[in-house]
Amino acid sequence: MLTLEDLHIVMDDFTLDADLSVETGACVAVLGPSGAGKSTLLMAIAGFLPLTSGRILWGGAPMPDTPAKRPISMVFQDNNLFPHMTAFDNVALGLRPSLRLTGPERGQVENALARVGLTGLGDRKPGQLSGGQAARVALARVLLRNRPLLLLDEPFGALGPALRTEMVALVKDLVTETGATLLMVSHEPEDAREIADQVILVAEGTAHAPVPTAKIFADPPAALREYLGK
Ligand code: ADP
Ligand code: MG
């Protein structure tokens, strides 16, 4: 279980509070208006942003201070791929930052590329891939890292609707296979409906406790109604 205990973050005149838990293995969509603090929330969980006060626990124990030691993989909106490196190496980084792989590790990278439908494209650099293929490289990397907590910050924001639906389905398959706990920020409520059992609504300075997706869409709170444009 991921627990945000009396979390309080202050950045200039922006504040974000959270006091909530996410069950292990849950698929959670993080929704809320632009600027509400969704990225801030994920960055704090990943350890890239200091807390003003409060604690983040995983399985009841405080998270390590160092982001690299947290049981987390994160994908940012731009997919954080290195443009000068091949797809293979971008994925391999998830396993070995030194890129010195053993034979079996090279096999693992090939398997991860195959699992996201990129067999044979490992030699391409991100500039030689479509947006959807680049997003798949980022997914292959997190797949290989095999961390129990997956944070996706609008990972498919740059993709068109059909491709996005395909990628959301792929994420759903991957987290089902690996049993990972997923927090995914999306500006598309449809993504939440497709992938998430629960929704964390971030609005007016608070990240609210997860609510079942069906329930929150059946009777959206005011902040979500505004965001849904209804
Ligand atoms: P969202 O992801 O929901 O669109 P963000 O988490 O990116 O929102 O931003 C939340 C708020 O924090 C915004 O008002 C933004 O202007 C502010 N903010 C973001 N980064 C910083 C920063 N480094 N310093 C001060 N304020 C910031
Ligand atoms: Mg954001």
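In the predicted model, Ala36 counts as buried because its relative accessibility is 9%, below the 20% limit applied to buried residues. Ala36 is located in the loop that links strand E3 (27-31) to helix H1. Apart from neighbours within four places in sequence, the residues in contact with Ala36 are Phe14, Leu16, Val202 and Ala203. The pairing with Val202 bridges a separation of 166 residues in sequence, the two C-alpha atoms being 6.0 Å apart in space.

Helix H1, which spans residues 38-46, is mostly covered, with seven of its nine residues buried. These buried positions are Lys38, Thr40, Leu41, Leu42, Ala44, Ile45 and Ala46. Gly47, just after H1, adopts a positive phi of about 90°.

The loop before H1 and the helix itself both contribute to the surroundings of ligand 1. The shell around ligand 1 consists of Met11, Asp12, Phe14, Pro33, Ser34, Gly35, Ala36, Gly37, Lys38, Ser39 and Thr40. H1 supplies the largest share of this shell, three residues. Several polar atoms approach oxygen atoms of the ligand. A polar backbone atom of Ala36 is 3.3 Å from an oxygen atom of ligand 1, and a backbone N or O atom of Gly37 lies 2.9 Å from an oxygen atom of the ligand. For Ser39, a polar side-chain atom is placed 2.9 Å from an oxygen atom of ligand 1. The protein buries 57% of the 570 Å² that ligand 1 exposes when taken alone.

Nonpolar packing was examined next. In soluble globular proteins, nonpolar side chains tend to be buried together. In this model the largest nonpolar core comprises 50 residues, and Val91, Val109, Leu139, Phe156, Val171 and Leu182 have the most contacts inside it. Helix H4 (residues 131-145) provides the largest share of this core, nine residues. Domain 1 (1-71 + 149-230) and domain 2 (82-146) each contribute at least three residues to this core. A second core, separate from the largest one, contains 30 residues, including Ala36, Ala46, Ile56 and Ile200.

Within the largest core, Leu139 is one of the residues with the most contacts. When its neighbours within four places in sequence are left aside, Leu139 is in contact with Val116, Phe156, Met167, Leu170, Val171 and Leu174. Ala36, by comparison, belongs to the second core and is also part of the shell around ligand 1.

Terms used
Residues numbered from 1 in each chain as written. Chains lettered and ligands numbered in written order. Predicted model: local features only at pLDDT ≥ 70, side-chain atom pairs only at ≥ 80, totals over all residues. Heavy atoms only, no water. Core = buried A, V, L, I, M, F, W, Y, C linked by side-chain atoms within 4.5 Å. Buried < 20%, exposed > 50% of the residue type's maximum accessible area, 1.4 Å probe, protein only. Helix = DSSP H or I, 4+ residues; strand = E, 2+ residues; numbered from the N terminus. Domains from an automatic or database assignment. Contact = heavy atoms within 4.5 Å. Near = heavy atom within 4 Å. Polar contact = N/O pair within 3.5 Å; in protein donor to acceptor, adjacent residues only side chain to side chain. Areas by Shrake-Rupley, 256 points an atom, 1.4 Å probe, with all protein chains shown as cover.
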